[in-house]
Amino acid sequence: MTAGRPDGRADPHLVPIVAKVERGERLTREDGLALFASADLLTIGRLAEMANHRKNGDRVYFAANQHLNPTNVCILRNTCVFCSFARIPKEDGAYTRSLDEVYAEAEAARANPTREFHIVGGLHPKLRLEYYLEMFRGLKARHPQVMIKALTAVEVAHLARLEKMTTRDVLIAMKEAGVNTLPGGGAEVFSPAARATIADRKLTGEEWLAVHREAHQLGIPSNCTMLYGHVETMEDRVDHLLALRALQDETGGFLTYIPLAYHPDHNELGETLGRTGTATTGFDDLKNIAVGRLLLDNIPHVKTHWPMVTPFISQIALGFGCDDLEGTVVFERVYHEAGAGTPMWLSYDEIVTLIRGAGKEPVERDSLYAIVRTFEDWVPEQNGHEARPAGPEGPTFNIKHRRELPVLNGVE
C-alpha cells in the first residue's frame with residue numbers, strides 16, 4: 001500500500017521521500033531536513049511504520065528492568081545546564097549509595113520478574129573504578145539471571161581520567177565484571193555549538209562516538225540517543241542521526257535508538273529559556289521517533305521512553321515507526337527530577353495492555369533483544385507479574401516525585 005495521508009494530500013516535498021522509502025533506499029541529509037521541516041506528520045508516520053514493519057513486523061518489545069542510580073553527585077553540575085538530576089557534594093539532595101545500599105535497592109528484583117539493571121549516575125569526583133566493578137560483581141552474584149546495562153560513555157571516560165587508564169581498558173574491566181551492554185545516555189546532541197550551550201566540558205560528540213566504537217569492538221553492544229527540544233537546530237538533529245548511522249555502518253554495535261525529550265523544570269537552561277512548566281509537544285515527540293526510524297535504517301530498533309513523553313504518547317508512537325516500549329522501569333529518577341509527571345514504573349499488565357491497544361504484539365526481551373516470552377495467552381490481572389514498588393525504607397530510597405503534580409498515567 002502506498003504511504004501517505006488518508007486523504008491523499010501528502011506534503012509535495014515528501015513525494016520523492018515516499019518513493020525512496022517504498023523502494024527501500026537510504027535517505028540523505030536533505031531528506032532528513034525535509035522530514036523535520038514538514039508538518040505532514042501522518043505521512044511521515046506512515047513511512048516510518050512501513051520501514052519498521054519491514055524490520056520488526058507487528059512485534060513491540062519491552063524489558064522487565066530496574067533502574068539503579070548509585071550517585072547524583074557530579075563534577076559537571078554547573079556546566080550541564082539542562083540536567084535536573086545532578087548535585088554538588090554538599091548540596092541539598094546530594095547522595096552517594098554504599099554498595100550495601102545499592103544491593104538493598106536491587107533486592108526489589110526478587111519480587112519482580114527483573115531481567116535488566118540499568119545503572120547510570122553522576123560523575124563523582126571520588127568514586128573509583130573499583131566501586132563500580134565490585135557493584136557489578138556483587139549484583140551478578142546476587143542476581144545471576146539479571147543482565148547489566150551500565151555506565152554512559154561520559155561515565156566511562158570520567159573513570160578513565162580518574163584512574164589514568166584508557167577508556168578501552170575501563171570497558172574491558174567492566175565487561176569482565178559482568179556488564180552486558182552500555183546505555184546510550186550522554187550523547188545529547190553532537191553539534192559543538194549546541195553542546196557548548198547546554199553541556200560545556202562534557203565529552204565532545206566525537207569522543208562519545210569513540211567510546212561506543214571501542215565498546216562495539218570489544219563485543220559490548222550499546223544503545224544510542226539524541227536529546228531534542230532545547231536549543232538544537234533541525235540541522236543539528238539530522239547531523240546527529242547521520243553520525244550515529246555512520247558509526248553503525250562501521251561497527252553494527254547499536255541495538256536501539258532512543259530520542260529523549262528535554263524536560264525544562266528544575267534546571268538552569270529551562271529557567272534561562274523561560275520554559276519552566278512546559279515540555280516538548282506530542283507532535284515533536286512523534287516526529288522524532290518517526291524521522292529516527294527513517295534515517296537510521298541500519299539500527300534494528302527504535303525505542304520510546306515513556307517516562308519522558310507519557311505512556312499515552314508512547315502508545316501512539318507504536319504506529320509511528322517505534323517497536324520498543326522501554327519496560328517496567330522500576331524506580332526511574334533522572335527524568336522525574338526534571339518534572340516528569342509520569343508514573344515511576346509500569347506493571348506487566350499495563351505494558352501488555354498498552355501494546356495490545358495499539359494493535360501490536362507484546363514481546364518481552366532481554367538486554368540483547370533475545371525473546372524471553374510472548375503473550376498470546378496472557379490475561380490481565382491473572383498472571384501475578386505486577387511490578388511491585390517494594391524496597392528498603394530510609395532516606396537513601398526516596399522514589400517520590402520531586403514536585404507535586406498529578407501523575408499522567410495514560411493507561412485505562
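Buried means under 20% relative accessible area, exposed over 50%, and partly exposed in between, using a 1.4 Å probe and protein chains only. Keep that scale at hand for the tour. The model is predicted: local features need pLDDT of at least 70, side-chain atom pairs count only at pLDDT 80 or more, and totals for chains, interfaces and linings use all residues. Residues are numbered from 1 along each chain as its sequence is written, and side-chain values use heavy atoms, with hydrogens and water left out.

**The whole chain**

Start with everything on display. The chain has 14 helices and 10 strands. Helices (H or I, at least four residues) and strands (E, at least two) are DSSP runs, numbered from the N terminus. Of the 412 residues, 59% count as buried. Contact here means heavy atoms within 4.5 Å. Among contacts between residues at least 6 apart in sequence, 77% join residues at least 24 apart.

**Stop 1: a sheet of 3 strands**

Select 65–68, 116–119 and 147–150. The first range is strand E2, the second is strand E3, and the third is strand E4. They form an open sheet in the order E2-E3-E4, with parallel pairing. E2 and E4 are the edge strands, each pairing on one side only. Neighbouring strands of this sheet are turned by 20° against each other on average, direction ignored. Two strands pair if DSSP finds at least two bridges between them. E2 and E3 pair over 4 bridges, in the parallel sense. Click Gln 66: opposite, in E3, stands Phe 117.

Now add helix H5. H5 packs on the sheet and touches E2, E3 and E4. Its direction makes about 155° with that of E4. Such angles run from 0 to 180 degrees between N-to-C directions, and axes are lines fitted to C-alpha atoms, for helices over the stretch in contact.

**Stop 2: the loop at Gln 145**

Move to the loop between H5 and E4, where Gln 145 lies. Is Gln 145 buried or partly exposed? Gln 145 counts as partly exposed because its relative accessible area is 44%. Leaving out residues up to four places away in sequence, Gln 145 touches Thr 114 and Arg 115. Pro 113 is 32 residues from Gln 145 in sequence, yet 9.8 Å away in space, C-alpha to C-alpha.

**Stop 3: H4 against H5**

Select 99–106 for helix H4 and 129–142 for H5. Two packed helices are described by the angle between their axes and the distance between the axes. For H4 and H5, the angle is about 35° and the axes are 10 Å apart. Show the contact residues as sticks. H4 supplies Leu 99, Val 102, Tyr 103 and Ala 106. H5 supplies Tyr 131, Glu 134, Met 135, Gly 138, Leu 139 and Arg 142.

**Stop 4: helix H6**

Next, select 153–163. How many of the residues of H6 are buried? The count is 8 of 11, so H6 is mostly covered under the cut-off for buried. The buried residues are Ala 153, Val 154, Glu 155, Val 156, Ala 157, His 158, Leu 159 and Ala 160. They pack against H5, helix H7 (167–177) and helix H9 (205–217). Just after H6 comes Lys 164, with a positive phi near 55°.

**Stop 5: Lys 202 and Glu 207**

Go to the loop between helix H8 (192–198) and H9, and pick Lys 202. Why does Lys 202 count as buried? Because its relative accessibility is 17%. Beyond its neighbours within four places in sequence, Lys 202 is in contact with Leu 76, Cys 80, Phe 82, Val 154, Gly 186, Glu 188 and Arg 195. Val 154 is one of the buried residues of H6.

Step on to Glu 207, in H9. Glu 207 is partly exposed, at 39% relative accessible area. Phe 190 is 17 residues away in sequence and 9.9 Å away in space, C-alpha to C-alpha.

**Stop 6: E5, H10 and E6**

Finish with strand E5, 222–228. Here 7 of 7 residues are buried. Ser 222, Cys 224, Met 226 and Tyr 228 lie on one side, with Asn 223, Thr 225 and Leu 227 on the other. Add strand E6, residues 254–261: E5 and E6 pair in the parallel sense over 7 bridges. Tyr 228 has Ala 261 of E6 as its bridge partner.
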